[in-house]
Amino acid sequence: MAGRFTPRTPTTRTTVRGGHIPVPATRTPAPATGVTRHWTPAAPTDLGLTLGPLRRGSGDPTLRTTPDGSVWRAARTPEGPGTLRVALRHGTAEAEAWGPGAQWLLDRLPQLLGADDDPAAFVPRHRLLAAAHRSRPGLRLTRTGLVMESLIPSILEQKVTTTEAYRAWRLLVRKFGEPAPGPGAQHRLHVMPDPRTWALIPSWEWHRAGVDDKRAATVLRAVKVARRLEEAADMAPERAQQRLELIPGIGPWTSAETIQRSNGAPDAVTVGDYHLPGIVGYALAGDRTTDDAAMLELLAPYAGQRHRAARLILLSGRTPPRRAPRMTPGDIASL
């Protein structure tokens with residue numbers, strides 16, 4: 001019975017979105033050289049579960065874990081680039097930051113670690129969800145307060161495989177971003193490009209990264225109004241999604257994927273996904289042919305917490321068995 005709820009190795013974009021990264025047991029980190037802050041969460045917090053959704057694949061140049069139990073994150077804040085190191089030691093978050101955005105990152109450390117989240121609002125009504133919820137008491141929904149850093153990789157993930165999307169993000173950030181401030185550069189961390197740099201990327205570089213013209217054009221439209229889109233981080237989730245969806249090429253799937261991270265939205269369930277309805281249907285009703293409408297009906301008892309419910313399903317590992325080989329990634333660079 002216990003094996004039923006053991007997470008499988010993530011194999012699709014949706015299962016990866018369950019969002020768990022392995023974080024080694026905390027050891028004594030190197031002496032502090034940046035600005036520091038300590039914060040004690042009110043409840044147990046699992047760094048791997050809480051910050052996992054921010055990582056776009058194991059090679060993501062904006063997020064790393066290190067053997068001392070730290071999670072390193074590079075971000076472009078309103079104050080400029082910043083590097084954040086955070087580790088949990090005896091229930092207290094020890095954070096250190098560098099760069100122009102250091103203080104901004106430290107000021108928002110509690111929100112990043114789920115201080116605005118209320119897991120008690122989630123009431124399991126299915127046996128599988130009760131078990132998944134009980135086995136992950138440290139799951140918190142992060143709130144980064146940064147829209148573009150989640151929006152752009154979500155656009156890159158539209159209608160392609162995980163491998164293709166993560167490769168594109170990795171190549172573009174490494175080539176057009178900048179080394180993270182402080183010791184972040186030693187961990188090969190990069191801060192993603194600023195809006196102007198995104199706008200100046202030549203068409204052939206998008207193609208080399210495997211990004212088609214449609215997705216590239218959507219990114220370009222978004223970065224032109226990046227300042228207005230960043231305002232969505234302080235809006236109610238529904239209004240935030242409406243703001244993002246004003247951009248042609250950004251629909252409910254992309255906006256939900258974004259505000260789940262930027263706004264910590266517990267009810268922003270992803271619709272329009274190729275895999276998620278079947279996974280939810282299979283887990284809750286034994287029906288892998290479930291569509292979006294049926295998925296929303298199954299998740300209706302969790303109104304207000306539907307994203308959390310969907311994520312717990314993904315983390316449970318209760319996904320339908322494969323019936324076909326994995327899709328072969330495309331290569332538009334050779335066209």
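1. Interhelical angles under 35 degrees count as roughly parallel, those over 145 as roughly antiparallel, those from 65 to 115 as roughly perpendicular, and the rest as oblique. In this predicted model, helix α14 (residues 276-285) and helix α15 (residues 292-299) pack with their axes 9 Å apart and at an angle of about 45°, and α14 and α15 are therefore oblique to each other. The crossing that α14 and α15 make is a left-handed one.

2. As for the residues behind that packing, α14 brings Leu276, Pro277, Val280, Gly281, Leu284 and Ala285 to the contact, while α15 brings Asp292, Met295, Leu298 and Leu299. Sorted by class, the contact of α14 with α15 comprises 8 nonpolar residues, together with 1 polar and 1 charged.

3. Helix α6 deserves a point of its own, beginning with its packing against helix α7 (residues 162-176), where the angle is about 130° and the axes lie 8 Å apart. That angle makes α6 oblique to α7, and the crossing of the two helices is right-handed. From α6 the contact draws on Glu149, Ile152, Pro153 and Leu156, and from α7 on Ala165, Ala168, Trp169 and Leu172. The class count for the contact of α6 with α7 is 7 nonpolar residues, no polar ones and 1 charged.

4. Helix α6 also packs against helix α13 (residues 252-262), with an angle of about 145° between them and their axes 8 Å apart, and here too α6 takes part in a right-handed crossing. On the α6 side the residues are Ser150, Leu151, Ser154 and Ile155, which meet Trp253, Thr254, Glu257, Thr258, Arg261 and Ser262 of α13. The contact of α6 with α13 divides into 3 nonpolar, 5 polar and 2 charged residues, to be read beside the 7 nonpolar, no polar and 1 charged of the contact of α6 with α7.

5. Turning to enclosed space, the structure contains 5 cavities of 30 Å³ or more, and the largest cavity holds about 150 Å³. Its lining numbers 15 residues, of which Thr62, Arg73, Ala74, Glu149 and Trp169 are the closest to the centre of the cavity. Two of these names recur from the third point, since Glu149 of α6 and Trp169 of α7 also belong to the contact between those helices.

6. Which elements give two or more residues to the lining of the largest cavity? They are β3 and α6, and the largest share, 4 residues, comes from β3. By class, the lining of this cavity has 8 nonpolar, 2 polar and 5 charged residues.

7. Among the open sites, the second largest pocket encloses about 390 Å³ of space. Of the 23 residues in its lining, those closest to the centre are Pro78, Trp104, Gly145, Leu146 and Glu230. At least two lining residues are supplied by each of β3 (71-77), α6 (148-156), α8 (195-199) and α11 (226-230), and the lining as a whole divides into 11 nonpolar, 4 polar and 8 charged residues.

8. Read together, these points return repeatedly to β3 and α6. Both elements give two or more residues to the lining of the largest cavity, and both are among those that supply at least two residues each to the lining of the second largest pocket. Helix α6, in addition, packs against α7 and against α13, so a reader checking the model may wish to view these sites in one frame.

Terms used
Residues are numbered from 1 along each chain as its sequence is written. This is a predicted model: local features need pLDDT of at least 70, side-chain atom pairs count only at pLDDT 80 or more; totals for chains, interfaces and linings use all residues. Side-chain values use heavy atoms; hydrogens and water are left out. On a 1 Å grid over the protein atoms alone, a cavity is a set of points where a 1.4 Å probe fits but cannot get out, and a pocket is an open set with protein on both sides within 12 Å along at least five of seven lines; lining residues have an atom within 4 Å of a point. Grid points are joined across faces, edges and corners, and a volume is the space filled by probe spheres set on the points. Ala, Val, Leu, Ile, Met, Phe, Trp, Tyr, Cys and Pro count as nonpolar, Asp, Glu, Lys and Arg as charged, and the others, Gly among them, as polar. Axes are lines fitted to C-alpha atoms, for helices over the stretch in contact, and angles run from 0 to 180 degrees between N-to-C directions. A crossing is left-handed if the near helix is turned anticlockwise from the far one by less than a right angle, and right-handed if clockwise. Contact means heavy atoms within 4.5 Å.
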